[in-house]
Amino acid sequence: MERANRREQKNRGSRLSWRKAVLIVLAFAALLWVGNVAYEWYHLHTEMVHMQQEEIRLRQEQQELAEQKAHYNDLQAVEKEAREQLGLVKEKEVPYIR
């Protein structure tokens, strides 16, 4: 009888160790999964912030280009720049050197 009790206690101990091992493996797997999800969230959040900053920069550039387009659609402004920067003159005008 004493031997039977010892065997039963030994079997219980090995079952508990096995259960503990399974729980540890499951807890570790869950921790890895949570860590992976947190890393993906952080990566996506960082990318989203960069994309928002890029969007702001592109909208500013778009605004500047729209202003330049409006400026160059004005023929008087284009003529003025051509005269100042390129030294162009109209027909029958006498150019002078500064």
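## Arg57 and its partner in H1

Arg57 is partly exposed, since its relative accessible area comes to 40%, and a residue counts that way when it sits between the cut-offs of 20% and 50%. This is a predicted model, so read each value here as something computed from predicted coordinates. The side chain of Arg57 doesn't hang free: it meets the side chain of Glu54 in a salt bridge, with 2.7 Å from N to O. Glu54 is partly exposed as well, at a relative accessible area of 34%.

Where do Arg57 and Glu54 lie? Both are in helix H1, which covers residues 2-73, and they are 3 residues apart, or about one turn of the helix.

## Another pair along H1

Arg59 and Glu55 make a salt bridge too, this one at 2.9 Å from N to O. These two are 4 residues apart in helix H1, so about one helical turn separates them.

Is Arg59 buried or exposed? Its relative accessibility is 53%, so Arg59 counts as exposed, because the cut-off for that label is over 50%. Glu55, on the other side of the bridge, is partly exposed with a relative accessible area of 38%.

## The greasy bit of H1

Trp18, Val22, Leu23 and Leu26 make a nonpolar surface patch of about 450 Å². One of these residues, Leu23, is worth a look by itself: it belongs to helix H1, and its relative accessibility of 58% is why it counts as exposed.

## H2 and what comes after

Helix H2 takes in residues 75-86. How does its span work out? H2 has 12 residues, and at 1.5 Å a residue these should cover 16 Å; the end C-alpha atoms of H2 turn out to be 15 Å apart, so the two values agree. The expected figure counts one less than the number of residues.

Next comes Gly87, which follows H2 and has a positive phi, near 70 degrees. Further on, in the segment after helix H2, you'll find Lys92. Lys92 also has a positive phi, of about 65 degrees, although it isn't a glycine. Most residues other than glycine have a negative phi, which is why such a value is worth a second look. As for its surroundings, Lys92 has 85% relative accessibility, so it counts as exposed.

## A charged network around H2

Arg83 and Glu79 meet through their side chains in a salt bridge of 3.3 Å, N to O. What separates these two along H2? They are 4 residues apart in that helix, so the answer is about one helical turn. Arg83 is partly exposed, with a relative accessible area of 30%, and Glu79 is partly exposed at 33%. The pair is also part of something wider: salt bridges with shared partners join Glu79, Arg83, Lys90 and Glu93 into one network.

Glu79, which is found in helix H2, gives one more distance to check. Its C-alpha atom and that of Val89 are separated by 9.4 Å, with the two residues 10 apart along the chain.

## The whole chain

Zooming out, the protein has 2 helices and 0 strands. How much of it is buried? Of its 98 residues, buried ones make up 2%; the cut-off for that label is under 20% relative accessible area.

The exposed surface of the protein comes to about 10,100 Å², with carbon and sulfur atoms supplying 60% of it. As for charge pairing, the structure holds 6 salt bridges. Among them are Arg57 with Glu54, Arg59 with Glu55 and Arg83 with Glu79.

Terms used:
Residues numbered from 1 in each chain as written. Predicted model: local features only at pLDDT ≥ 70, side-chain atom pairs only at ≥ 80, totals over all residues. Heavy atoms only, no water. Buried < 20%, exposed > 50% of the residue type's maximum accessible area, 1.4 Å probe, protein only. Areas by Shrake-Rupley, 256 points an atom, 1.4 Å probe, with all protein chains shown as cover. Salt bridge = Lys/Arg side-chain N within 4 Å of Asp/Glu carboxyl O. Patch = residues over 30% accessible without salt bridge, like charges linked within 9 Å, V, L, I, M, F, W, Y side chains within 5 Å.
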